[in-house]
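Subject: Structure for your review

Dear colleague,

Please find below the sequence and structure that I am handing over to you. My notes on the findings follow directly after.

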Amino acid sequence: MRKYLSAILILMVALLLIVGCDSEGHELVKTEAKAPTCTEDGHTAYWTCVSCSKVFADADGTKEISVFDTFLSSLGHRNAEDDGTCLTELKCTRCDEVVIPAQTAHIPNEVTDCTLTVLCRNCPTVLILGRDDHESGTATCVTPAKCIHCGMETGELDPDNHAQAPTYSIDKSMHTGSYPCCGKVFEDKTPHSFMEGFCVCGIRQTHENTVTVTNLPNASTIKGWQEGDELLVTIDSELFGKQTVLAVYGKNGKWEFKKNAYWVPGEKVTAVVWYAPGFTVNDSGEVVAKPGDAVWKEEYLLASSKLDSDDLLRVNFSSAVRSYSVFSVKTVPNTKVHVALYNFKPANEEQFQEGIMPEFTTDENGVIWFYGTFAANGRYVICTDNGDTLAECTFPTGTNPGQYYSN
C-alpha cells in the first residue's frame, strides 16, 4: 500500500512541474536592485515566484528572465591623477580608497658608471646627476687606476707604487728585500747595516740604549753601580741561537754591550740576565770564571728581565731570589786571611776541595764575603798566615737559602 502512495505523490509533483503556475497563480517576491561599487558586483531588481521559482523582470510576471540577466559587474577603481613621484599615494576618485600606497623613500636603480644619472627604481625622479667625468684613484703595482666613485678602470698599473710593504729574507749576515705584492726584488744579498740597533730588514741588535737596570743585586755589598760592573745577558733567537754577551756599566751611567747579540723581527725572544761578578764571557761567547779568584765566593744572581715590544731590555733585581745564603765575616781590616769551609755548597755549584784554605784580603772594614749553603754541622774557620784563628762558626742545622748571616 505504501509503495502505491509514494508512486501517486511522485506523479502529482511531476504533473505540477509540467503544468506550472497559471498567470493568475504566480506568487512573486521582489529582490531590490543593488548598485555595483568599485570592488563589488551588483544587480538589477527582479521578482521570483515562490511556487515555481521562475524569475521575472517585472512585477506582473509577464517578462520571464534568467537570474544571470540581472548581473551588474563591479566598476573598478578610478585613479586620481598621478603626480609622477612614488612618495605620493594614489586614491580612487569614486571611493577614496588608497589604490597605490606611497613609498617611504626613493629606491635608486643600479648604475655602475658614475657618469650616468641615477633614477628612482619606481618613478622617474632623478636622484643623482651623472658626473661630467670619472675621478681616478691611485694605481699600484698590481691594480690599475680606478674611478673612486664607480670603480671603473681609468688608467694603467704603476710599477713603482707598491701595494704592500717590503719583506726580507735574512740570514746571519745578509738580507734580500722584495715586495710581496708583485714579487719585485730590490735588494739582493745586502749586508746588514745597523743604526741605533736596527737594520732596515728588521734584524735587531743589543746596543747602548736597549737595556735599563733598576734596583741593585746586593744592596748590602754594592752601594751603587760602578764603572766596569758587568751583567751576563743571554738572548735566545731562533735564527742566531743563544748568544751570551756582557753589558758593562760605563762612565756615562749607561750600560753598553762589549759585543752585540742579534734577533729576528717578530719572533718571540727571551732574555736572561745574571749578576755574576766572578764570571765573564770569552770571545767565543762562553761563560767562564775570571782568573785569579775563588769562583765559589761570588754572587750568581738571576734578575727579572723582559724584552719589550720596543726592543728595550728591562732588568730588575728586586724580585731576584737567592737559592743560597750570604755570609759576611768581619775580622781585621786590610789583612790577608785564609778561609776553610766544611759541608758547604757554593752558590754557583762549582766543585772545590773541602777544608781548603784559599787566601783572601779583607776590605777596609775587615769584612770578607762568600756565598753558598752549609749543610747540617757545616762550619767555616778564618785564620791568619801564621795559623791564628780570627773567626769561626758552626751551623748545627745548616743554613737557609736567601738568608743573610754575619758574625
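I begin with a charged residue: Glu89 is partly exposed, with a relative accessibility of 38%. Please bear in mind throughout that this is a predicted model.

Salt bridges

Glu89 pairs with Lys91 in a salt bridge, in which the closest N and O atoms lie 3.8 Å apart. Lys91 is likewise partly exposed, its relative accessible area being 31%. In total, five salt bridges are present in the structure. Side chains of opposite charge can pair when their charged atoms come close.

Another of these links Asp171 to Lys189, with 3.9 Å between the closest N and O atoms. This pair connects distant parts of the chain, 18 residues apart: Asp171 sits in the loop between strand E11 (167–170) and strand E12 (174–178), while Lys189 belongs to strand E13 (residues 185–191). Both partners count as partly exposed, Asp171 at 26% relative accessibility and Lys189 at 48%.

A further salt bridge joins the side chains of Glu32 and Lys30, at 3.7 Å from N to O. Here Glu32 is exposed, with a relative accessible area of 55%, whereas Lys30 is partly exposed, at 40%.

Cysteines

How many disulfides does a search of the whole structure find? The result is zero. A disulfide is a covalent bond between the sulfur atoms of two cysteines. For Cys86, the closest cysteine sulfur is that of Cys120, and the separation of 3.6 Å is too far for a bond, because a disulfide requires the two sulfur atoms to be within 2.5 Å. Cys182 is in no disulfide either; its nearest cysteine sulfur belongs to Cys141 and is 3.8 Å away. As for their surroundings, Cys86 is buried, at 10% relative accessibility, and Cys182 is partly exposed, at 37%.

Nonpolar cores

In soluble globular proteins, nonpolar side chains tend to be buried together. The largest nonpolar core in this model comprises 27 residues, and Leu231 and Phe317 have the most contacts inside it. The elements contributing two or more residues to this core are strands E17 (211–214), E18 (230–237), E19 (241–249), E20 (255–257), E22 (270–275) and E27 (313–316). There is also a second, separate core of 16 residues, which includes Val339, Phe352, Phe360 and Phe370.

With kind regards

Terms used. Residues numbered from 1 in each chain as written. Predicted model: local features only at pLDDT ≥ 70, side-chain atom pairs only at ≥ 80, totals over all residues. Heavy atoms only, no water. Buried < 20%, exposed > 50% of the residue type's maximum accessible area, 1.4 Å probe, protein only. Core = buried A, V, L, I, M, F, W, Y, C linked by side-chain atoms within 4.5 Å. Helix = DSSP H or I, 4+ residues; strand = E, 2+ residues; numbered from the N terminus. Salt bridge = Lys/Arg side-chain N within 4 Å of Asp/Glu carboxyl O.
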